[in-house]
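Student: Could you take me through one part of this model up close? I'd like a connected walk rather than a list.

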Amino acid sequence: MEADKYAGLYKKRSKYRLKKKHVFLLIALIAILTNPSQEKHQNAVRARFDNYIQNHSESPLTSIQGNPVIDQLIFRSVNSTNYLFFSTTNVVWDNDTHIIGFGIFGKVFISSSVDFYLNKKYN
């Protein structure tokens, strides 16, 4: 009688673990399929740069807003590294590569360190 009770609990626990595994695998699959492309990372950096220029009208960078040469510079110096479930946004500053953001589930998040660096460099 005692063994039947524990057998029932074991079956319940096994079903719960199986459900947890399925949920985890589904989330992992979604993360893999929606990992942002390098273009999305570059567009996120460009949007962050444009946002910085709009919020800091006294910055000397406002004169270059919308310049196609700057667009090419951003798109040439920004790349991403894919780690299957997520990716990182990398940029080359001062001859060194820095991670400034990450992408997961189709979204790219850029660190506020970009604004700090631009403030330090151009103000």
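Tutor: Sure, and keep in mind that this is a predicted model. Let's start at F102, which sits in strand β3, residues 96-104. With a relative accessibility of 40%, F102 counts as partly exposed, because that class runs between 20% and 50%. F102 also belongs to a nonpolar patch on the surface, together with L29, I32, L33, Y83, L84, F85, F86 and F109. Taken together, the patch residues have about 870 Å² of accessible area. Helix α1, residues 2-33, supplies the largest share of that patch, with three residues.

Now for the inside. In soluble globular proteins, nonpolar side chains tend to be buried together. Here the largest nonpolar core has 15 residues. Those with the most contacts inside that core are V45, F49, I74, W93, I100, I110 and V114. Two or more core residues come from each of α2 (38-55), α3 (68-77), β2 and α4 (113-122), and α2 gives the largest share, five residues.

I100 makes a good link between the two regions. Setting aside neighbours within four places in sequence, I100 is in contact with F109, which is one of the surface patch residues. The other contacts of I100 on that count are V45, T89, V91, W93, I110, S111 and V114, and of these, V45, W93, I110 and V114 are on the list of best-connected core residues.

Follow the contact to V45, in helix α2. V45 is buried because its relative accessible area is 11%, under the 20% cut-off. Apart from residues up to four places away in sequence, V45 touches I74, V78, T89, I100 and I110. V45 and V114 are 69 residues apart in sequence, yet their C-alpha atoms are 8.9 Å apart in space.

V78 then leads to a polar residue, since both V45 and N90 touch V78. N90 is found in strand β2, residues 87-93. Is N90 buried or exposed? N90 is buried, because its relative accessible area of 6% falls under 20%. Its side chain makes polar contacts with two threonine side chains: T81 at 2.7 Å and T88 at 3.4 Å. Leaving out residues up to four places away in sequence, N90 touches S77, V78, N79, S80 and T81 on one stretch, and T97, H98 and I99 on another.

So the walk goes from partly exposed F102, through I100 and its contacts, to buried V45 and finally to buried N90.

Technical notes:
Residues are numbered from 1 along each chain as its sequence is written. This is a predicted model: local features need pLDDT of at least 70, side-chain atom pairs count only at pLDDT 80 or more; totals for chains, interfaces and linings use all residues. Side-chain values use heavy atoms; hydrogens and water are left out. Patches are made of residues with over 30% relative accessible area and no salt bridge: like charges are joined within 9 Å, nonpolar side chains (Val, Leu, Ile, Met, Phe, Trp, Tyr) within 5 Å. Accessible areas come from the Shrake-Rupley method with a 1.4 Å probe; for residues, only the protein chains shown count as cover. A salt bridge is a side-chain nitrogen of Lys or Arg within 4 Å of a carboxyl oxygen of Asp or Glu. Helices (H or I, at least four residues) and strands (E, at least two) are DSSP runs, numbered from the N terminus. Buried means under 20% relative accessible area, exposed over 50%, partly exposed in between (1.4 Å probe, protein chains only). A polar contact is a pair of N or O atoms within 3.5 Å; within protein, one must be able to donate a hydrogen and the other to accept it, and residues adjacent in sequence count only if both atoms are side-chain atoms. Contact means heavy atoms within 4.5 Å. A nonpolar core is a set of buried Ala, Val, Leu, Ile, Met, Phe, Trp, Tyr and Cys residues joined through side-chain atoms within 4.5 Å.
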